[in-house]
Amino acid sequence: MWRKTLEVLMDNMGEFVSGEDISDQLGMTRAAIWKHVDQIKKEGYLVESVSRRGYRLVEIPDKIDEVIIRWGLDTKVLGSHIVSLNSIESTNMVAKEMAIEGSKEGTVIIADEQTGGKGRMGREWISPSEKGIWMSIILRPSIAPAKAPLITSMAAIAVARAIEGVTGLRPSIKWPNDILIGDKKVCGILTEMQGDMDIIQFVVVGIGINANLDLKDFPKELKDRATSLKLECGESVIRADVIREVLREFEDLYSKYMENRDSQSIISAISKNSATIGKKVRVVGVNMDLEGVAVAIAEDGALMVMLDD
């Protein structure tokens, strides 16, 4: 319940609100409000308390919390329900369980730390506490399963645009699911689907962004291949600002596609920002290992590769 009190303070950021006003709004006793404010302070928020004036929220910490993320978020679907967790094995794992149980489209599961984060093909994803953005989004698109790769493309474009909007950095997209700054990876996307031959039951889009990781946070083998927004900007970023922008950009792309089923703008955007097209590539799959030159992105989001033959 302390989050309700926090919402009132955030709505009046920088201004004093009396305990009486808060208790009237929330239907609680002033003693309960005092306890809530005490808990809010323990959570790391800077709250000023002055006799006869009330409480004033002075500073919001860089926390992964649904109240902070919802503050100023103007999306209609994505983020309509947010579940924030301190530490969890995998946000995708929780999202899939929630999707099976019927959680609505747009539900976001976000954690301050993942202890067993995974990338594509089961690769380990380093997800330290209080350093990154580790979140999963539940979608229920009414499209054919063959079109599902487009959702990964939408997520990649959304992340790239969000990073540029918040930091001014210019990321590129390495097909199909990596976001690069320069030649170093700053974000990975893992899209998982459950459905039948001709219908999608749900899609879970996992997004991992290295927000405020320091060089020491990366394993030795990744130091030359991975980076963070902090390392590239020279200063820490507010994670909630990045999350809100990702959700806004993603919803804009997703809602437009679901309305008009036109993939051209998506293909155009991912091609324009591609770190893959024109490059010599090696494509490794479960039963595939090919080398060639990436020449284009197809209408369904697939990569077109010209082989030596």
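**Close-up views of a predicted model**

**View 1. Phenylalanine 250 and tyrosine 254 sit 4 residues apart, about one turn of the helix, and both belong to helix H8 (residues 239-260).** Before you look further, please note that this model is predicted, that local features need pLDDT of at least 70 and side-chain atom pairs pLDDT 80 or more, and that totals for chains, interfaces and linings use all residues. Numbering starts from 1 along each chain as its sequence is written, and side-chain values use heavy atoms, with hydrogens and water left out. Helices (H or I, at least four residues) and strands (E, at least two) are DSSP runs, numbered from the N terminus. The structure holds 1 aromatic pair (Phe, Tyr or Trp rings, the last by its six-membered ring, with centres within 6.5 Å; planes under 30 degrees apart are stacked, over 60 edge-to-face and the rest tilted). The ring centres of phenylalanine 250 and tyrosine 254 are 6.4 Å apart and their planes stand at 75 degrees, so this pair is edge-to-face. Phenylalanine 250 is buried, at 0% relative accessible area, and tyrosine 254 is buried too, at 6% (buried is under 20%, exposed over 50%, partly exposed in between, with a 1.4 Å probe and protein chains only).

**View 2. Aspartate 241 and arginine 244 form a salt bridge in helix H8.** Their closest N and O atoms are 2.5 Å apart (a salt bridge is a side-chain nitrogen of Lys or Arg within 4 Å of a carboxyl oxygen of Asp or Glu). The two residues are 3 apart in sequence, about one turn of the helix. Aspartate 241 is partly exposed, with a relative accessible area of 31%, whereas arginine 244 is buried at 10%.

**View 3. Glutamate 192 meets lysine 96 in a salt bridge.** The N to O distance here is 3.1 Å. Glutamate 192 lies in strand E8 (residues 184-195) and lysine 96 in helix H5, so their contact ties together parts that are 96 residues apart in sequence. Both ends are partly exposed: glutamate 192 has 23% relative accessibility, and lysine 96 has 28%. Across the whole structure, a search finds 21 salt bridges. Another of them joins lysine 185 to aspartate 178, with the closest N and O atoms 3.1 Å apart. Lysine 185 is partly exposed at 23%, while aspartate 178 counts as buried at 11%. If you enjoy networks, look for Lys131, Asp214, Lys216, Asp217 and Lys230, which salt bridges link together.

**View 4. An open sheet of 7 strands runs in the order E3-E4-E5-E9-E8-E7-E6, with mixed pairing.** Its edge strands, E3 and strand E6 (172-174), each pair on one side only. From one strand to the next, the twist averages 20 degrees (axes are lines fitted to C-alpha atoms, and angles run from 0 to 180 degrees between N-to-C directions). Strand E3 (residues 81-88) pairs with strand E4 (residues 107-114) in the parallel sense over 7 bridges (two strands pair if DSSP finds at least two bridges between them). Serine 84 stands opposite isoleucine 110 in E4. Between E3 and E4 the chain passes through helix H5 (residues 91-100), making a right-handed β-α-β crossover (with the strands pointing away from the viewer, the path from the first strand over the helix to the second runs clockwise). Strands E5 (residues 133-139) and E9 (residues 200-209) run antiparallel and are joined by 7 bridges. Across that pairing, isoleucine 133 faces isoleucine 209 in E9.

**View 5. Strands E10 and E11 form a hairpin with 2 residues between them.** E10 and strand E11 (residues 288-297) pair antiparallel over 6 bridges. Arginine 282 is found in strand E10 (residues 280-285), and its bridge partner in E11 is glutamate 291. At 54% relative accessible area, arginine 282 is exposed. From C-alpha to C-alpha, arginine 282 is 6.6 Å from glycine 292, which is 10 residues away in sequence. The side chains of E10 alternate: Val281, Val283 and Gly285 point to one face and are buried, while Lys280, Arg282 and Val284 point to the other and are not.

**View 6. Helix H6 (residues 149-167) has 19 residues.** From its first C-alpha to its last, H6 reaches 27 Å, close to the 27 Å expected at 1.5 Å a residue (the expected span is 1.5 Å times one less than the number of residues). Just after H6 comes glycine 168, whose phi is positive, near 85 degrees.
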